[in-house]
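Q: Please take a close look at one part of this model, the place where neighbouring helices pack against one another, and then set that part in the context of the rest of the chain.

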Amino acid sequence: MGKRKRPRHPLAGSLSKKQKKHLREFGEAHPFYDRVSGREETTEICELSENSDHSSAESGGESEPEQVSVYHKLLATFKTVSDANNEDDENESEESDEEETGSEESQEGEDGEHTAGEEDENDVQDQEEAKDTAKQMLGQEQADGVDTSSDPKHGASEEFTDVKHESEFSLETNFMDEESGDYNADERERSTSVMVSEDPFKQHLNKELEEKEIGNISARSKSTIQLKWPTLGQLVFSSSLQQPRTFKPDKEADLKRLHLHKTLESTWPKVNSQFLSTLTKQNNHPFTLLQKELFCIMNRYKDLFYPERTALRNGEEVRHAYCLHAVNHVLKANAQVLSNNAIRRDQKPAVDNDDFRDQGLTRPKVLIVVPFRESALRVVQIFISLLESGSKKQIDVSNKKRFKGEFGSNPDEKPPNLKRPEDYEAVFAGNIDDHFRIGVAILQKSMRLYAPFYSSDIIIASPLGLRTIIGAEGEKKRDFDFLSSIEILIIDQADVYLMQNWEHILHLMNHLNLLPLESHGVDFSRVRMLNLNNWSKYYRQTLLFSALQDPQINCIFNKNCFNYRGQVAVRNVPSIGSISRVVVQLPHVFRRLEAESSISVIDARFQFFIDKVLPEYRDAIMSHTLIYIPSYFDYVRLRNYFKKEELNFTHTCEYTKKSGISRARQFFLKGEKQFLMFTERFHFYKRYLIRGIRNLIFYELPTYPHFYSEVCNMLTATASGEEATWTCTVLYSKYDAQKLAAVVGVDRAAQMLQSKKNVHLFVTGENE
């Protein structure tokens, strides 16, 4: 009797032989084959990653025609993958089964799951690993590592991801370990009750917004109030849904009142003890004053912008606070899923209940953006410390050795006699590679590093690492579906990205919380309605930390944060500017230029410089003139103009080689070159001491206020006796208000911007 072949749906090609056997054993009916085959044991389920232990509870519902049609409607919203070959009957010989398995594995490189390539399909070891994992997850993540050519740590063309522990960290096939969390049997009963929990996590995600409220948030019609807190200082709280109400930080930071996960209640005081004073420890306060107020805002799930995070003073305090919030969120979210898994396993077969909607369209919940590998290393180390339940037993961390090798640093690589400012040493400590991304999965007492993105709870990445995977419009290999259900976005050290490439941050924000293009094995019966309605961005919490206030950073917070809970920004004004730290006797001439808009100010500054400032310095007497230029584009424009005018100048920027830098510094010191152009990014990354400066021109105010005093103090390296001839000229406009206030102080800045005079003089030094 010949074999009866039937048409095979494209999605069936991603199921392995082991998965098909599993489906037959549990009798789950594939909705596509209900009309074709009468044998229930040979039917297959769709690509949605259902829990095998509770699948029998859903099999009755799958045979109903209404649910099949709903399934088709949901599936139609995603792109389908390419067709596969016809499937053989289950009574085929063993040889035919092996051939079919091989063909399925080879098809992974061609289907819509974005496999990284076909060169590994004959690799026996990869095939064995793939049999023990959900193939759709593997295929999706391999796309996450397609661009690693610029990563020096990877010799191969593919990025390493851990696929061996897929089943151990799968949310669909695991259940709650009642000893490891606070979701025990009593908690399950409370979670299904009508009473609203006081847990901020549940309050935030269980809130059901209405269409009218979504319209108000989208229209950005916000009400604003100002608050004054003891440590954070001046706060601006804005909300779109209702009139903001004054709220104060908790007087006593009781961990139980904060609704921390049970594991974190015991580990946090120990992990954070290094920042606590003796008095604080005696009073059993687990937070510093800064952490208490920051975490109060974080735990209320409000957006936060804190522009006073510095690497020297409070950087690690802030890092520990947001790591606690991120782990707390992930543990609660996963515990809710595992608890519901157990409930669905124990209950009788019934129609799907909306009470079990506890997931997003994709698994990643938290995205942490950091500038360097060293920052990622410290974040993961804090995660591990927070998850260790005690000194007796440590948690199981997969691929820990590999992680330390790739993200750690070798102390011998640093030059022994390199002397730099303290803030430079703090920012550029450890491994400063800025191209990386890593997925982290947390499940009860275990952590998995290098988890595939679609199997990760937390993604830690640099802006460049995300940009290379998100890609650009028109590129074939690009993926950003893993950003569709991000619930907490943490951007740390945002000021550093201004020195890297701010365009990567803008690109990331434009691809957050979009509907995914593919299903990625999601169980739609478990997806929250807010995700299905494409309202994820209205529930996303954004935490933004920076060392300074900058218009570009403010723009991100004001225009890309839609959290219905509101936004809190710290807005302390500097009373004393960085000019007070200039130790040399120097006249500072601030010259205001007029411009009609923030766009036209670029051309207005250039024209003002070449018409009114440069002619004063063309004379040979005004030699040894350093021109400080924050923007690289302005630097290129001025360099081309100087070449065209055949002026005697040299230049250095962040792309100049060491030999070119040495020549430029030497020519400038000896006076062979009258002008030296100097970019802000060069100063940020190198911090060289430029000798021989007699005249300073700030083409624009520095992004970092302390750079102003640093550059001015470089004049101390000039030979003594020439102080009387030193000059400093600064160009500014009304669009530089924040930078101006940081340099001269807010009161002086207000006077300078409102004054009818366009020139203002300050003198620093001994006779000030």
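A: Helix α13 passes α14 in a right-handed crossing, that is, with the near helix turned clockwise from the far one by less than a right angle, whereas an anticlockwise turn is left-handed. The model is a predicted one, in which local features need pLDDT of at least 70 and side-chain atom pairs count only at pLDDT 80 or more, while totals for chains, interfaces and linings use all residues. Residues are numbered from 1 along each chain as its sequence is written, and side-chain values use heavy atoms, without hydrogens or water.

α13 covers residues 315-346 and α14 residues 373-387, and their axes come within 10 Å and cross at roughly 55° (lines fitted to C-alpha atoms over the stretch in contact, with angles from 0 to 180 degrees between N-to-C directions). The two helices are therefore oblique to each other, the class left over once angles under 35 degrees are called roughly parallel, over 145 roughly antiparallel and 65 to 115 roughly perpendicular. On the α13 side, E316, R319, H320, Y322, C323, L324, V327 and L331 meet S375, R378, V379, I382, F383, L386 and L387 of α14, where contact means heavy atoms within 4.5 Å.

α14 also meets helix α15 (residues 400-407), and here the axes come within 9 Å and cross at roughly 150°. That angle makes α14 roughly antiparallel to α15. This second crossing is left-handed, and R373, E374, A376, L377, V380 and I384 of α14 make the contact with K400, F403, E406 and F407 of α15.

Another residue to consider beside α13 is L290, which lies in helix α12 (residues 289-299). L290 counts as buried because its relative accessibility is 10%, the limit for buried being under 20%, with over 50% called exposed and values in between partly exposed (1.4 Å probe, protein chains only). Leaving aside neighbours within four places in sequence, L290 is in contact with T231, L232, Y306, N314, E317 and V318. The C-alpha atoms of L290 and A321 are separated by 9.4 Å, although the two residues are 31 apart along the chain.

Further along, helix α17 (residues 463-470) is mostly covered, with six of its eight residues buried, namely P463, G465, L466, T468, I469 and I470. These buried residues pack against the strands β4 (366-369), β6 (437-443) and β8 (458-461), and also against the helices α18 (494-499) and α19 (502-509). Just after α17, G471 takes a positive phi of about 70°.

The largest nonpolar core (buried Ala, Val, Leu, Ile, Met, Phe, Trp, Tyr and Cys residues joined through side-chain atoms within 4.5 Å) has 75 residues, of which L367, V369, L483, F590, L696, F698 and Y708 touch the most other members. Its largest share, five residues, comes from α18. A second, separate core of 66 residues includes A326, F407, M447 and I458.

Over the whole chain, the secondary structure comes to 28 helices and 18 strands, taken as DSSP runs (H or I of at least four residues, E of at least two) numbered from the N terminus. Of the 768 residues in the chain, 56% are buried. Among contacts between residues at least 6 apart in sequence, 77% join residues at least 24 apart.
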